[in-house]
Amino acid sequence: VQLQASGGGLVQAGGSLRLSCVATGKIFAMKSMGWYRQAPGAQREWVASITRSGTTDYLGSVKGRFTVSRDNAKNTVNLQMNNLTPEDTAVYYCNARIEIIPGHEYDNWGQGTQVTVSS
């Protein structure tokens, strides 16, 4: 199974970006999906997650600005990021808990996509 993330880039403060991540390979079911980020010199932190049924949760600092969504038919997860600030600058990683055969689940990570917000 591979996760391919896209959509990062350079944007001015106050701007928006939309990240997407698609899972390919042997997939029986996609469980929870979400996004993490890692700023330079910092540890990777959780940003947002969404369950298969659509329940979402967010890091406090992004709540109200970021929206996570998913398309179960296409095995994709998205992150709409609005009103970006320089503090959002980081490499963003998608994550998915994937059941490849019934009863066998694994965490999978995308390759990361750079988001840079200039002031």
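1. Let me start at a turn. The hairpin of S4 and S5 has 6 residues between its strands, and Gly41 there takes a positive phi near 75°. Please keep in mind throughout that this is a predicted model.

2. The two arms of that hairpin are strand S4, residues 29–38, and strand S5, residues 45–50, which run antiparallel and share 5 bridges. If you want a register check, look at Met33, whose bridge partner in S5 is Ile50.

3. S5 also pairs with strand S6, residues 56–58, again in the antiparallel sense, over 3 bridges. Here Ser49 has Asp57 in S6 as its bridge partner. S5 and S6 make a hairpin with 5 residues between them, and Gly54 in its turn has a positive phi of about 105°.

4. Now for the open sheet. It is built from 4 strands in the order S1-S3-S8-S7, with antiparallel pairing. Strand S1 (2–6) and strand S7 (66–71) are the edge strands; each has a single partner strand, so one side of each lacks a neighbour in the sheet. From one strand to the next, the twist averages 15°.

5. Within that order, strand S3 (residues 17–24) and strand S8 (residues 76–81) pair over 6 bridges in the antiparallel sense. A handy residue pair to display is Leu17, which stands opposite Met81 in S8. As a reminder, strands of a sheet pair through backbone hydrogen bonds, either parallel or antiparallel.

6. The residue I would most like you to look at is Arg70, which sits in strand S7. Which side chain of opposite charge is nearest to Arg70? That is Asp71, at 8.1 Å. A salt bridge here requires a side-chain nitrogen of Lys or Arg within 4 Å of a carboxyl oxygen of Asp or Glu, and Arg70 has none, although Arg70 is buried.

7. What does the side chain of Arg70 reach at 2.7 Å? The partner is the backbone oxygen of Lys31. The Arg70 side chain also reaches the backbone oxygen of Thr51, at 3.2 Å.

8. The contacts of Arg70 fill in the picture. Leaving aside residues up to four places away in sequence, Arg70 touches Met30, Lys31, Ser32, Met33, Ile50, Thr51, Arg52, Thr76 and Val77. Two names in that list, Met33 and Ile50, are the bridge partners from point 2. Strand S8, which covers residues 76–81, is represented by Thr76 and Val77.

Notes
Residues numbered from 1 in each chain as written. Predicted model: local features only at pLDDT ≥ 70, side-chain atom pairs only at ≥ 80, totals over all residues. Heavy atoms only, no water. Pairing = 2+ DSSP bridges. Axes fitted to C-alpha atoms, helices over the stretch in contact; angles between N-to-C directions. Buried < 20%, exposed > 50% of the residue type's maximum accessible area, 1.4 Å probe, protein only. Lys, Arg positive; Asp, Glu negative; His and termini not counted. Polar contact = N/O pair within 3.5 Å; in protein donor to acceptor, adjacent residues only side chain to side chain. Contact = heavy atoms within 4.5 Å.
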